[in-house]
Amino acid sequence: MPQEVRAVIAPGKNEPVRVETIVVPDPGPGEAVVQVQACGVCHTDLHYKQGGINDEFPFLLGHEAAGVVESVGEGVTDVAPGDFVILNWRAVCGQCRACLRGRPWYCFDTHNAKQRMTLTDGTELSPALGIGAFAEKTLVAAGQCTKVDASVSAAVAGLLGCGVMAGIGAAINTGNVGRGDTVAVIGCGGVGDAAIAGSNLAGAAKIIAVDIDDRKLETARKMGATHTVNSKETDPVEAIRELTGGFGADVVIEAVGRPETYKQAFYGRDLAGTVVLVGVPTPEMKLELPLLDVFGRGGALKSSWYGDCLPSRDFPMLIDLHLQGRLDLGAFVTETIRLDEVEQAFERMHHGDVLRSVVVL
């Protein structure tokens, strides 16, 4: 039978979010209902609230989540009721040209649940990134559920569902950071700090954190940065070169998503080095670079979407590293909050006061 549960709804553009009762249908073929235990407050949720993604209001917010599978629909074999899972927003199809080429992290046909959750009056909801997990329970495609070790805290595990995975993956998967490499990370919010943690995990010899906020730079040091640069006070390109023997970093990860910081990343890398864009730009942004510099500097200019992750491969591995004490995912959790405190969490995020607020249910 369909269930009524509490959830956080964004009713209209820039309107305050509110807690409403929603209806979660029974899972159909290929679907699962998950009892949500924790969900991080991600900047993408704020973009949805502000109408920056699309205008398909009302939105059911929340996507960086972990919980327990309650029920599954016909044909579901990868997860079963009782499994502890992290939710992901890229359910790999296995059949598209990327999957058939052995590159499923680029899957071109990822999918969500076919049924819609609704308000009690029947109004259909648009779940953020196909998940909608600021809710006691949510309906997702079964492929969006990745089973991991149940001994991990849900508040920690859920962070891999978006921002932390994006940053770690930008370093390890996209940037291919290796032992002894020099790395610069521009932008030290949650994703940038995760890129620092990922670079540290990969064995980078020098990790340079760049930001305009000294508070964020201090946190970046705790995540593994060996050097910090306040780019409001110092030219970051010159600083990166000075810290790397005049050459530039082997890998520069841009975690802001702005043309000016991308140019800093481009010129802050060594010849034949790699630039990884993981910061999300807005549609109107344009980038101008001398084509001769693009040609003459060689190397690679990459973008990293969701850290080029394969959830079935990366989530369990990173959770195991956390449980072994080799990756401190708990360091990303600034505070735990209730469902009715999400609006205030957006305010704290906007002012840079938190790394991650996590709703615990």
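A salt bridge is a side-chain nitrogen of Lys or Arg within 4 Å of a carboxyl oxygen of Asp or Glu. In the structure examined here, which is a predicted model, there are 13 salt bridges. One of these pairs Glu64 with Arg356, whose side chains approach each other to 2.8 Å, taken from N to O. The two partners belong to distant parts of the chain, for Glu64 sits in strand 5 (residues 64–72), while Arg356 is found in the loop between helix 11 (342–350) and strand 18 (357–360), 292 residues apart from it. Glu64 and Arg356 are both buried.

Two further salt bridges may be set beside this one. In the bridge between Glu341 and Arg338, the closest N and O atoms are 3.7 Å apart. Glu341 has a relative accessibility of 23% and therefore counts as partly exposed, and Arg338, at 48%, likewise counts as partly exposed. Elsewhere, salt bridges with shared partners bring Asp213, Arg215 and Asp353 together in one network. Within that network, the closest N and O atoms of Asp213 and Arg215 are 3.0 Å apart. Asp213 counts as buried because its relative accessibility is 17%, whereas Arg215 is partly exposed, its relative accessible area being 46%.

A charged residue can also be buried without such a partner, and Arg90 is a case of this kind, since it has no salt bridge and the nearest side chain of opposite charge, that of Asp308, is 7.4 Å away. That distance lies outside the cut-off, because a salt bridge requires the nitrogen and the carboxyl oxygen to be within 4 Å. Arg90 is located in the loop between strand 6 (84–87) and helix 2 (97–100). Its side chain does, however, reach the backbone oxygen of Trp105, at 3.3 Å.

The backbone was examined next. Most residues other than glycine have a negative phi, and most peptide bonds are trans. Against this background, the peptide bond that joins Phe57 and Pro58 is cis, with an omega of about -5°. Pro58 falls in the loop between helix 1 (43–49) and strand 4 (59–60). A positive phi, near 65°, occurs at Asn14, a residue other than glycine, and Asn14 is placed in the loop between strand 1 (3–10) and strand 2 (18–24). Tyr306, which is not a glycine either, has a positive phi of about 65° and lies in the loop between strand 16 (300–303) and helix 10. The surroundings of these two residues can be contrasted, because Asn14 is partly exposed with a relative accessible area of 48%, whereas Tyr306 counts as buried at 3% relative accessibility.

Empty space within the model was also considered. Rolling a probe the size of a water molecule over the atoms shows where such space is left. The second largest pocket contains about 400 Å³ of space. Its lining is made up of 20 residues, of which Asp78, Val92, Ala142, Gly143 and Cys145 are the closest to its centre. Two elements, strand 10 (145–147) and helix 10 (311–323), each give two or more residues to this lining, and the largest share, 3 residues, comes from strand 10. By character, the lining residues of the second largest pocket divide into 9 nonpolar, 8 polar and 3 charged.

How values were computed. Residues are numbered from 1 along each chain as its sequence is written. This is a predicted model: local features need pLDDT of at least 70, side-chain atom pairs count only at pLDDT 80 or more; totals for chains, interfaces and linings use all residues. Side-chain values use heavy atoms; hydrogens and water are left out. On a 1 Å grid over the protein atoms alone, a cavity is a set of points where a 1.4 Å probe fits but cannot get out, and a pocket is an open set with protein on both sides within 12 Å along at least five of seven lines; lining residues have an atom within 4 Å of a point. Grid points are joined across faces, edges and corners, and a volume is the space filled by probe spheres set on the points. Helices (H or I, at least four residues) and strands (E, at least two) are DSSP runs, numbered from the N terminus. Ala, Val, Leu, Ile, Met, Phe, Trp, Tyr, Cys and Pro count as nonpolar, Asp, Glu, Lys and Arg as charged, and the others, Gly among them, as polar. Buried means under 20% relative accessible area, exposed over 50%, partly exposed in between (1.4 Å probe, protein chains only). Lys and Arg count as positive and Asp and Glu as negative; His and the chain ends are not counted. A polar contact is a pair of N or O atoms within 3.5 Å; within protein, one must be able to donate a hydrogen and the other to accept it, and residues adjacent in sequence count only if both atoms are side-chain atoms.
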